[in-house]
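Have your viewer ready and your selection tool at hand. We will walk through a protein stop by stop, and at each one you will hear what to select and what to look for there.

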Amino acid sequence: MESMKSKPRDGTDSDLSEQIKAATKDSHVRAENTQLMLNYQRGQITQTQYKLLLCSLYEIYQALEEELDRNADHPSVHAIYFPQELARLESLELDLEHFFGPHWRKRITVPAATHRYTQRLREIGKNSPDLLVAHAYTRYLGDLSGGQVLGKITQKSLGLSGSKGIVFFSFPGVTSPNRFKQLYRSRMNSIELTEQQRQEVLDEATRAFEFNIEVFDDLQKMLSITEEASSEKGNDAASKTPKTFSNSPMLQFALGVGITLATVGMGVYAF
């Protein structure tokens, strides 16, 4: 039976982490080169964009972490289960409360693509826990890598003081991101999978990227509608109020999705 397993021992490109890099390369390039992501990295982000983005991140991490917790004893999940070091839900709650106040839960709003993403996480958590490894890897290690840079950009762009509003980007339980990522990859590479299971994890990693790009596409559609509506309204009131991107919450959300793509797009390739 050992011959049916796929468990690399030599640290080569047959490692699961290296295979995920290769499998998601095209999706990574697509995400990395979106104009919205580039805009975010240039510091072109507003508080409205960021607040709405936090709503989507909260929904995604709530689904991911609840499924990881529920499947913590599953062999594949157990290998990469680091709730003390990586869990993001509490930090997102703090950030949402900072911006929306104590009743922030009533103000959560997300696009349909985010719901599809969370539904997939619930589905595999129930039926195929092995596949949670792909989502955890792309999200958490992305946060530890590109997310750190984006946290500084967010703080500077929004004029935030200290960690208020950007707790999401902080990992107090990780003293050395580089060493932790090495540990995480090592633990993930030790997971015993059949060739079929390994391929399914690779496919799911690509799907994780695609879910984020689908969120972008969903928002682009809303962006077009919003722009058209704003244009018509602006023609009627041009002498009163010049059109700006900040007038449309939906548009702000569309631009803010750049951070999601940046976190996923940059993170996997930043180790």
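This tour visits some helices, some aromatic rings and a pocket, and the model you are looking at is predicted.

**Stop 1: helix α2**

Start by selecting residues 25-32, which form helix α2. Which residues of α2 are buried? They are S27, H28 and A31. These three span an arc of only 100 degrees around the axis, so they sit on the same side of α2. Now turn to the other side of α2, where K25 and D26 are exposed. A general rule is handy here: an α-helix has 3.6 residues a turn, so residues three or four places apart point the same way.

**Stop 2: from Q44 to helix α10**

Next, select Q44, in the loop between α3 (35-41) and α4. Its relative accessibility is 47%, and buried means under 20% while exposed means over 50%, so Q44 counts as partly exposed. Add I153 to your selection: the C-alpha atoms of Q44 and I153 are separated by 9.2 Å, although the two residues are 109 apart along the chain.

I153 is one of the buried residues of α10, together with G146, G147, L150, G151, T154 and L158. Show the whole of α10, residues 146-158. With 13 residues at 1.5 Å a residue, α10 should span 18 Å, and its end C-alpha atoms are indeed 18 Å apart. Just after α10 comes G159, which has a positive phi, near 65 degrees.

**Stop 3: the aromatic rings**

How many aromatic pairs does the structure hold? There are ten. Select Y50 and F99 to see one of them: the ring centres are 5.5 Å apart and the planes stand at 80 degrees, so this pair is edge-to-face. Y50 belongs to helix α4 (residues 47-70) and F99 to helix α7, so to speak two distant parts of the chain, 49 residues apart, linked by the pair. Both Y50 and F99 are buried.

Move on to F82 and F180. Their ring centres lie 5.1 Å apart with the planes at 75 degrees, so the pair is edge-to-face. F82 is in the loop between α5 (75-79) and α6, while F180 is in helix α11, so the pair ties together parts that are 98 residues apart in sequence. F82 and F180 are both buried.

Before leaving the rings, select Y61, Y140, F168 and F169, which ring pairs link into a cluster.

**Stop 4: helix α11**

F180 leads us to its helix, so select α11, residues 177-189. From its first C-alpha to its last, α11 reaches 18 Å, close to the 18 Å expected for its 13 residues at 1.5 Å a residue. Where do the buried residues of α11 fall when you look down its axis? Colour F180, K181, Y184, R185, M188 and N189, which are buried. They fall within an arc of 165 degrees, so they line one face of the helix.

**Stop 5: a pocket**

Finally, go to the second largest pocket, with a volume of about 210 Å³. It has 15 lining residues, and the closest to its centre are A87, R88, E90, S91 and P172. Select α6 (83-86) and α7 (89-100) too, the elements that give two or more residues to this lining. By class, the lining of the second largest pocket holds seven nonpolar, four polar and four charged residues.

How values were computed
Residues numbered from 1 in each chain as written. Predicted model: local features only at pLDDT ≥ 70, side-chain atom pairs only at ≥ 80, totals over all residues. Heavy atoms only, no water. Helix = DSSP H or I, 4+ residues; strand = E, 2+ residues; numbered from the N terminus. Expected span 1.5 Å × (residues − 1). Buried < 20%, exposed > 50% of the residue type's maximum accessible area, 1.4 Å probe, protein only. Arc of directions from axis to C-beta. 1 Å grid on protein atoms, 1.4 Å probe; cavity = no way out; pocket = protein on both sides within 12 Å on 5 of 7 lines; lining within 4 Å. Points joined across faces, edges and corners; volume = space filled by probe spheres on them. Nonpolar A, V, L, I, M, F, W, Y, C, P; charged D, E, K, R; others polar. Phe/Tyr/Trp six-rings, centres within 6.5 Å; stacked < 30°, edge-to-face > 60°.
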